[in-house]
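Reader: I am new to this structure and would be grateful for a guided account. May we proceed by question and answer?

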Amino acid sequence: CSSDLLKYVPKDKILLETDAPYQGFEKGKENTPLTLPIIFQKIVQIRGEDEEFFSNMLFRNSLNFIK
């Protein structure tokens, strides 16, 4: 399953994004940044991560990406 690939992505390479307004969860529905918490929860579940650790890691990754 493609979601299993998430287990192999290095922690320092993960960022979240939505493709908003395209590619919503439901066909024909627009995507918004409001889906980010849903994406976050799915990744935490698939990877078996601690939510607080994963949230802090994403923040650091975002800062490093912007640099």
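Author: Contact here means heavy atoms within 4.5 Å. The model under discussion is a predicted one.

Reader: Among contacts in the protein chain between residues at least 6 apart in sequence, what percentage join residues at least 24 apart?

Author: The count is confined to pairs of residues at least 6 apart in sequence. Within that set, the share that joins residues at least 24 apart is 44%.

Reader: How many helices and how many strands are there in the protein chain?

Author: Helices and strands are read as DSSP runs, a helix needing at least four residues and a strand at least two. One helix, α1, covers residues 36–47, and another, α2, covers residues 51–66. The totals for the protein chain are 2 helices and 0 strands.

Reader: What percentage of the residues of the protein chain count as buried?

Author: A residue counts as buried when its relative accessible area is under 20%. The protein chain has 67 residues, and the share of them that counts as buried is 21%.

Reader: Which class, stacked, edge-to-face or tilted, describes the aromatic pair?

Author: The search of the whole structure finds 1 aromatic pair. Its rings belong to Phe40 and Phe54, with centres 5.4 Å apart and planes at 45°. Planes under 30 degrees apart would count as stacked and those over 60 as edge-to-face. The angle of 45° falls in the remaining class, so the pair of Phe40 and Phe54 is tilted.

Reader: How many residues apart in sequence are the parts that this pair ties together?

Author: Phe40 belongs to helix α1, whereas Phe54 belongs to helix α2. The pair therefore ties together parts whose separation in sequence is 14 residues.

Reader: Is Phe54 buried or exposed?

Author: Its partner Phe40 has a relative accessible area of 14% and is buried. For Phe54 the relative accessibility is 0%, so this residue counts as buried.

Reader: Which residues does Glu49 touch, not counting residues up to four places away in sequence?

Author: Glu49 is located in the loop between α1 and α2, and its relative accessible area of 13% makes it buried. A polar contact of 3.1 Å links its side chain to that of Arg47. Beyond four places in sequence, the residues that Glu49 touches are Lys11, Val44 and Phe54.

Reader: How far apart in space are Glu49 and Lys7, C-alpha to C-alpha?

Author: In sequence, Glu49 and Lys7 are 42 residues apart. In space, their C-alpha to C-alpha distance is 10.0 Å.

Reader: With which residue does the side chain of Asn31 form a polar contact of 2.9 Å?

Author: Asn31 lies in the segment before α1 and counts as buried, with a relative accessibility of 6%. Leaving aside neighbours within four places in sequence, Asn31 is in contact with several residues, among them Thr18, Pro21 and Tyr22. The polar contact of 2.9 Å joins the side chain of Asn31 to that of Thr35.

Reader: Is Ser55 buried, exposed or partly exposed?

Author: Ser55 is part of helix α2. Buried requires under 20% relative accessible area and exposed requires over 50%. At 37%, Ser55 counts as partly exposed.

Conventions
Residues are numbered from 1 along each chain as its sequence is written. This is a predicted model: local features need pLDDT of at least 70, side-chain atom pairs count only at pLDDT 80 or more; totals for chains, interfaces and linings use all residues. Side-chain values use heavy atoms; hydrogens and water are left out. Rings of Phe, Tyr and Trp (its six-membered ring) pair if their centres lie within 6.5 Å; planes under 30 degrees apart count as stacked, over 60 as edge-to-face and the rest as tilted. Buried means under 20% relative accessible area, exposed over 50%, partly exposed in between (1.4 Å probe, protein chains only). A polar contact is a pair of N or O atoms within 3.5 Å; within protein, one must be able to donate a hydrogen and the other to accept it, and residues adjacent in sequence count only if both atoms are side-chain atoms.
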